Amino acid sequence: MIYSVHEYRAVNVQQTVDATATAVYGFEIPEGTVVTIRVAAAAQNLSNGDSAAYYRSATFKRSVGGAASQVGTTTSTMTSEDAGAAAWDCTLTLSSDTININVIGVAATTIDWICNTEVALYTNE
């Protein structure tokens with residue numbers, strides 16, 4: 001068997017103004033692959049200085065002709081938040097065959113986000 005590994009990196013910015021999950025980045029999982037994803041997200045409310053940072057990682061798979069699914073659960077290796085940022089979050093979700101990185105702020109508050117995402121794609125070619 002010959003395996004192929006492809007690695008991708010993306011840096012994305014987003015702004016939230018409410019508590020709705022907002023997509024920062026999406027990655028479609030090709031058929032016949034296993035995907036590992038690691039996200040480092042940082043956020044700041046520029047009006048008062050509240051800040052937060054998150055590290056999230058997860059594994060997903062998609063068989064040939066099949067639907068994508070998550071392997072296990074998302075791992076949160078770090079959550080650092082000022083007291084005023086306790087309701088903020090960064091999540092990884094699966095929608096159809098796409099992995100989405102979402103950020104969540106709070107109502108009536110502008111929060112600036114930056115996410116550094118590393119994706120490794122493992123496939124049997």
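Two strands count as paired if DSSP finds at least two bridges between them. Keep that rule at hand for these exercises on a predicted model.

**Exercise 1. Find the bridge partner of Cys90 in S7, then describe how S6 and S7 are joined.**

Solution. Start at Cys90: its bridge partner in S7 is Val103. Next, take the strands as a whole: S6 and S7, the latter covering residues 98-104, run antiparallel and are joined by seven bridges. Seven bridges satisfy the rule of at least two, so S6 and S7 are a pair. Now move along to Ser95, which stands opposite Thr98 in S7. Finally, look at the connection: S6 and S7 make a hairpin with two residues between them, and Ser96 in the turn has a positive phi of about 60°.

**Exercise 2. Work out the strand order of the sheet that holds S2, S7 and S6, and name its edge strands.**

Solution. Begin with the other neighbour of S7: S2 pairs with S7 over six bridges in the antiparallel sense. One of the contacts to look for is Glu28, whose bridge partner in S7 is Thr98. Putting the pairs together gives an open, antiparallel sheet of three strands in the order S2-S7-S6. Its edges are S2 (22-28) and S6 (89-95), each of which pairs on one side only. On average, neighbouring strands here are turned by 20° against each other, direction ignored.

One more step concerns the surroundings of S7. Six of its seven residues are buried, so S7 is largely enclosed by the rest of the structure.

**Exercise 3. Trace the salt bridges of Arg62 and say which parts of the chain they link.**

Solution. Take Glu31 to begin with: its side chain meets that of Arg62 in a salt bridge, at 3.6 Å from N to O. Glu31 sits in the loop between S2 and S3 and Arg62 in strand S4, 31 residues apart, so to speak of distant parts of the chain is fair. Then turn to Asp97, which also forms a salt bridge with Arg62, the closest N and O atoms being 3.2 Å apart. Asp97 lies in the loop between S6 and S7, 35 residues from Arg62.

How does accessibility compare with the cut-offs? Arg62 has a relative accessible area of 12%, and is buried because the limit is under 20%. Asp97 is buried as well. Glu31, at 40%, is partly exposed.

**Exercise 4. Decide whether Asp89 and Arg56 are buried or partly exposed, and describe their contact.**

Solution. First, the contact: Asp89 and Arg56 form a salt bridge, with the closest N and O atoms 2.9 Å apart. Asp89 belongs to strand S6 and Arg56 to strand S4, so this pair ties together parts that are 33 residues apart in sequence. Next, the accessibility: Asp89 is partly exposed at 25%, whereas Arg56 is buried at 6%.

To round off the charged pairs, the count of salt bridges comes to five. Among the residues involved, Arg9, Arg38 and Glu118 are joined into one network by salt bridges that share partners.

**Exercise 5. Identify the residues of the nonpolar surface patch, and check how far the model's confidence supports a detailed reading.**

Solution. The patch is made by Val5, Val34 and Tyr122 and covers about 230 Å². Val34 lies in strand S3 (residues 33-44) and is partly exposed, with 36% relative accessibility.

For confidence, the chain averages a pLDDT of 96, and 98% of the residues score at least 70. The lowest confidence is in strand S1 (residues 3-16), with a mean of 94, and the highest is in strand S4 (residues 51-62), at 98. Where pLDDT is low, predicted coordinates should not be read in detail.

Key
Residues are numbered from 1 along each chain as its sequence is written. This is a predicted model: local features need pLDDT of at least 70, side-chain atom pairs count only at pLDDT 80 or more; totals for chains, interfaces and linings use all residues. Side-chain values use heavy atoms; hydrogens and water are left out. Helices (H or I, at least four residues) and strands (E, at least two) are DSSP runs, numbered from the N terminus. Axes are lines fitted to C-alpha atoms, for helices over the stretch in contact, and angles run from 0 to 180 degrees between N-to-C directions. pLDDT is the predictor's confidence in each residue, from 0 to 100. Patches are made of residues with over 30% relative accessible area and no salt bridge: like charges are joined within 9 Å, nonpolar side chains (Val, Leu, Ile, Met, Phe, Trp, Tyr) within 5 Å. Accessible areas come from the Shrake-Rupley method with a 1.4 Å probe; for residues, only the protein chains shown count as cover. A salt bridge is a side-chain nitrogen of Lys or Arg within 4 Å of a carboxyl oxygen of Asp or Glu. Buried means under 20% relative accessible area, exposed over 50%, partly exposed in between (1.4 Å probe, protein chains only).
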